[in-house]
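Biologist: I have a protein model open on my screen, and I would like to learn how to read it. Could you walk me through it?

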Amino acid sequence: MSATADHAEERTNPAARLGFQPGQVVQEIGYDDDVDQELREAIESAVEGELVDEDYEDVADAVVLWFRDDDGDLTDALVDATTYIEEGGSILLLTPKTGRPGYVEASDISEASTTAGLTASKSVSVGKDWSGSRLATPKAAKSKR
């Protein structure tokens with residue numbers, strides 16, 4: 001694929017824009033009937049494989065965490081998600097957009113991410129009803145492991 005085609009795919013495929021790569025193992029947490037199926041399919045296409053569920057017994061390269069306001073404590077969910085990923089892996093936190101049922105305040109995401117020891121990138125729209133935040137362990141924490 002040409003560099004121009006790669007850039008075009010990044011603009012049109014939200015999974016490519018979020019950094020998912022072929023061969024990655026991506027674990028999905030918080031799946032329910034309200035998730036964005038198109039985004040799930042785009043991630044599976046980008047990694048060239050199926051998402052693994054919460055029962056996966058090995059470490060993953062990345063975690064997709066669907067989280068709604070009534071799903072419990074976000075900090076706890078993020079800390080738990082970090083146990084599923086390889087060192088240097090990332091968590092894609094997906095929350096309902098403003099005005100949708102289960103919306104999570106941006107300040108709550110920021111506070112929970114910081115408390116869980118994660119750094120957040122800017123929030124991106126990943127579908128009609130969902131926003132995503134890519135979270136990673138800080139570089140300093142990676143070197144201490």
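Modeller: Let's go from the overall layout to the sheet, then to a helix pair and a few single residues. One thing to keep in mind throughout is that this is a predicted model.

Biologist: Happy to start there. How many helices and strands does the protein have?

Modeller: There are 6 helices and 5 strands. Read from the N terminus, the elements come in the order α-α-β-α-β-α-β-α-β-β-α. Of the 145 residues, 40% count as buried. Contacts tell you about the fold as well: among those with a separation of 6 or more, 71% join residues 24 or more positions apart.

Biologist: Now the sheet. In what order do the strands sit?

Modeller: Follow the neighbours in space rather than the numbering. The 5 strands make an open sheet in the order β1-β2-β3-β5-β4, and the pairing is mixed. At the edges stand β1 (26–29) and β4 (119–125); each has a single partner strand, so one side of each has no neighbour in the sheet. From one strand to the next, the twist averages 20°.

Biologist: Which way do β2 and β3 pair, parallel or antiparallel?

Modeller: Strand β2 (residues 60–66) and β3 pair in the parallel sense, over 6 bridges. You can trace the pairing residue by residue: Ala60 stands opposite Ile85 in β3, and Val64 has Leu92 of β3 as its bridge partner.

Biologist: And is β3 mostly covered or mostly open?

Modeller: Mostly covered: β3 spans residues 85–96, and 9 of its 12 residues are buried. Thr95 is a good one to click on, as it belongs to this strand. Its relative accessible area is 4%, under the 20% cut-off, so Thr95 counts as buried.

Biologist: What does Thr95 touch, apart from residues up to four places away in sequence?

Modeller: Thr95 touches Phe67, Val104, Ile109, Asp129, Trp130 and Ser131. Now look from the other side. Ser131 is in strand β5 (residues 130–136), and it is buried too, with a relative accessible area of 16%. Setting aside neighbours within four places in sequence, Ser131 is in contact with Leu93, Leu94, Thr95, Lys97, Ser123, Val124 and Val126.

Biologist: Let me try helices. At what angle do α4 and α5 pack?

Modeller: For a helix pair, look at the angle, the axis distance and the residues in contact. Helix α4 (residues 74–82) and helix α5 (residues 106–115) pack at about 45°, with axes 8 Å apart. The two helices are therefore oblique to each other. The crossing of α4 past α5 is right-handed. On the α4 side the contact uses Leu74, Thr75 and Leu78, and on the α5 side Asp108, Ile109, Ala112, Ser113 and Thr115. Sorted by class, that contact has 4 nonpolar, 3 polar and 1 charged residues.

Biologist: I noticed a charged side chain in a loop. Is Arg68 buried or exposed?

Modeller: A label such as "loop" does not settle that, so check the accessibility. Arg68 lies in the loop between β2 and α4, and with 7% relative accessibility it counts as buried. Leaving out neighbours within four places in sequence, its contacts are Gly30, Tyr31, Asp32, Asp34, Val35, Pro96, Gly102, Val104 and Trp130. The C-alpha atoms of Arg68 and Leu94 are separated by 8.4 Å, with these positions 26 residues apart along the chain.

Biologist: What about another loop residue, Val59: how exposed is it?

Modeller: Val59 is partly exposed, with a relative accessible area of 34%. This residue sits in the loop between α3 (37–47) and β2. Beyond residues up to four places away in sequence, Val59 touches Tyr84, Ile85 and Glu86.

Biologist: One last residue. What is special about the phi of Glu48?

Modeller: Start from the general rule: most residues other than glycine have a negative phi. Glu48 is not a glycine, yet its phi is positive, at about 55°. You will find Glu48 in the loop between α3 and β2, where it is exposed, with a relative accessible area of 63%.

How values were computed: Residues are numbered from 1 along each chain as its sequence is written. This is a predicted model: local features need pLDDT of at least 70, side-chain atom pairs count only at pLDDT 80 or more; totals for chains, interfaces and linings use all residues. Side-chain values use heavy atoms; hydrogens and water are left out. Axes are lines fitted to C-alpha atoms, for helices over the stretch in contact, and angles run from 0 to 180 degrees between N-to-C directions. Helices (H or I, at least four residues) and strands (E, at least two) are DSSP runs, numbered from the N terminus. Angles under 35 degrees count as roughly parallel, over 145 as roughly antiparallel, 65 to 115 as roughly perpendicular and the rest as oblique. A crossing is left-handed if the near helix is turned anticlockwise from the far one by less than a right angle, and right-handed if clockwise. Contact means heavy atoms within 4.5 Å. Ala, Val, Leu, Ile, Met, Phe, Trp, Tyr, Cys and Pro count as nonpolar, Asp, Glu, Lys and Arg as charged, and the others, Gly among them, as polar. Buried means under 20% relative accessible area, exposed over 50%, partly exposed in between (1.4 Å probe, protein chains only). Two strands pair if DSSP finds at least two bridges between them.
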